Amino acid sequence: MNQTVRDLWFMLLMTTICTVLLVVVDGIYLARLAADPALMRRALQLVGSAPGEDVRRTFDQVFTTVTHQEFPGGFFVGKQNPAMVVRQEEGSGLWGKITLLVAYDLAQNTVLGIDVLEHSETPGLGARIEEEKFRAQFRGLAARHGVRAAKIKFKEGEFDGVSGATLTSKAVEEIVNAAIRKIRVVAGPGGTP
Amino acid sequence: MSITNTQGWKVFAEGLWKNNPIFIMVLGICSSLAVTTFVKNAFVMYLGVAFATVFTSTIVAAIRKRIPATYRMLVFMMITSTLVIVFDRLLKLTLPAVSKEMGPYVGLIITNCIVMGRSEAFAMSNTPWLSALDGLGTSTGYGLVLLAIAVLREVLGMGTLLGFPVMPEAYARCGLLISAPGAFLCLTVLLFLANAIRDSMSGGKK
C-alpha cells in the first residue's frame, strides 16, 4: 500500500514537471513563431508598407499582434487603422498544405489582398495562384459574404479561378473565407479587434 | 593513464562499433532509411537522437532508484517525448526548411528504440555520468551509420554533397538510390561490409 502511494506520487510529480515544461516551451515557441521576420516582411508588403531597414521596428509601427484563444496564431491589426487585419491561414490544397496571408478591411468589408506563403500545387496549373495576375484580383475585392471562385464573375466577392485547377481555386476560396470568418469573430460586434 | 583506458571511454566506444545500434542491435532502421537522402538531414537526425538519448539516459539514471519498476517504460516515454518535442520546436525555429523536409521523423524519435533501449538496458543500473556517455556513444554509432548511408545516397543519387555538386557533369544520377528501396540497398551493403570486417578482425572464429 505504502509503495503504491509513493509510486503514485512519483508519477504525478513526473507528469506535472513534463507538462509544465511543455507548456512553457510551447509558449516561447508560439511567441517566437509569430515574430518571424520573413512573415513580417510579407505582411508589410501585403498592405503596401515598405519594410524598411529594420523589419521588426517597421512591423511594430504598423501592426499590433492580437491573439485569440480559439484560433492559434496571431492576427496582425493595423495600428493607425484598426479595421485592417492580416491573418495567416492554411488549408489543404490538391497535393498538400496551402498557406495564405489574407489582409481584410472590416470597415469596408473588402479583401485588401492575399499572399501565397507556401503551397505544393501542380506547376503550371494550381501553382499559378502564386502569380501576380491571380493575386491582384483580390486587391479591393468586396466580400461582404465571403469570396467565391467563379468561371464568369458577375457577383460580388467572385474571383476568376485558375483554369484547369478547380480544386486549388476552391481551396484558396475556402482558406480566404476561413480567414475572413476568424477575423470577424476576433473583431466581435464592435467591428474592430 | 591514457583516455582510452578509462571506464568512461570504454562505455562510450562500445556503442560506436562493438555494440553499434544499427549493425549489431538492428535498431533505428526505420529512421535510418527515411532521413538519409541528404547528408544535412541525416546530421540533424543524429543531433536529435543524440540529444534525446543523452538526456533521457542521464535523467533516468539520476532518478533510477525512485522509478517504480512497474511503470518504468511509462516514465522513459514521458521523459523522451518531452525532450523530443523541445528539440522539434527548436528545429522549427532555427532551421524551418530542414524541419519541413524531415517531416514527421523528428517526432518519431520518441519511438526510436535506441532511446528507450539505452534507458532500459544501461541507465537503469548505472550512474548518470556513465549513462550520458553510453547514450552519446550509442547515438554517435547510429549517427555515423546514418551519415555513411546519406553520403552514399546523396553522392551517387544526386551527385551532390551537402548540396554542392561533387560529381562530373556527365555523371548519370542513380535515381534508385534516392528512392526508398535504395536506402535498403545501401544499408545492406554497409551491413555486409561491417560484418565482413568484424569476421576478419576476430580471426574467423565464431
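Start by selecting β3 and β4 of chain A: these strands pair in the antiparallel sense over 9 bridges. The model on screen is a predicted one. A hairpin of 4 residues joins β3(A) to β4(A). For a reference point in this pairing, show A:Glu89, which stands opposite A:Leu100 in β4(A).

Stay on β4 of chain A and pick A:Thr99, which is placed in that strand. Is A:Thr99 buried or exposed? Its relative accessibility is 3%, and the cut-off for buried is under 20%, so A:Thr99 counts as buried. Display the residues around A:Thr99: leaving out those up to four places away in sequence, it touches A:Gln88, A:Glu89 and A:Glu90, and also A:Asp115, A:Val116, A:Leu117 and A:Glu118.

Next, move to the other partner of β3(A). Strand β3 covers residues 84–92 of chain A and pairs with β2(A) in the antiparallel sense over 3 bridges. These two strands form a hairpin with 5 residues between them. Here A:Val77 stands opposite A:Val85 in β3(A).

Continue to β1(A), which pairs with β2(A) in the antiparallel sense over 5 bridges. In that pairing, A:Phe63 is opposite A:Gly78 of β2(A). Add helix α3 of chain A, residues 55–62, to the selection: it packs on the sheet and touches β1 and β2 of chain A. The direction of α3 makes about 75° with that of β1(A).

Now show the whole sheet. It is open, has 6 strands in the order β1-β2-β3-β4-β5-β6 of chain A, and its pairing is antiparallel. Which strands stand at the edges? They are β1 (63–67) and β6 (141–142) of chain A; each has a single partner strand, so one side of each is left without a neighbour in the sheet.

With the sheet in view, turn to the largest nonpolar core, which has 32 residues. Select A:Val111, A:Phe138, A:Val172 and A:Val176, the residues that touch the most other members. At least two core residues come from each of β2 (74–78), β4 (97–105), β5 (110–118) and α5 (166–187) of chain A. The largest share, 9 residues, is from α5(A).

Centre on A:Val176. Beyond its neighbours within four places in sequence, this residue is in contact with A:Leu100, A:Val102, A:Val111, A:Ile114, A:Phe138 and A:Val147. Apart from this core lies another, of 31 residues, including B:Val84, B:Phe87, B:Leu91 and B:Ile149.

Go to chain B and select helices α7 (residues 128–158) and α9 (residues 180–201). They pack at an angle of about 120°, with axes 10 Å apart; α7(B) and α9(B) are therefore oblique to each other. Their crossing is right-handed. On the α7(B) side the contact is made by B:Val145, B:Ala148, B:Ile149, B:Leu152 and B:Arg153. On the α9(B) side, show B:Ala180, B:Ala183, B:Cys186, B:Leu187 and B:Leu190.

Finish with a helix pair from two chains: α1 of chain A (residues 2–34) and α4 of chain B (residues 72–94). Their axes come within 10 Å and cross at roughly 10°, and α1(A) and α4(B) are therefore roughly parallel to each other. Among the α1(A) residues to display are A:Phe10, A:Met14, A:Cys18, A:Leu22, A:Val25 and A:Tyr29. The residues of α4(B) that they meet include B:Leu74, B:Met78, B:Thr82, B:Ile85, B:Arg89 and B:Leu93.

Definitions and conventions
Residues numbered from 1 in each chain as written. Chains lettered and ligands numbered in written order. Predicted model: local features only at pLDDT ≥ 70, side-chain atom pairs only at ≥ 80, totals over all residues. Heavy atoms only, no water. Core = buried A, V, L, I, M, F, W, Y, C linked by side-chain atoms within 4.5 Å. Buried < 20%, exposed > 50% of the residue type's maximum accessible area, 1.4 Å probe, protein only. Contact = heavy atoms within 4.5 Å. Pairing = 2+ DSSP bridges. Axes fitted to C-alpha atoms, helices over the stretch in contact; angles between N-to-C directions. Parallel < 35°, antiparallel > 145°, perpendicular 65-115°, else oblique. Left-handed = near helix turned anticlockwise from the far one by under 90°.
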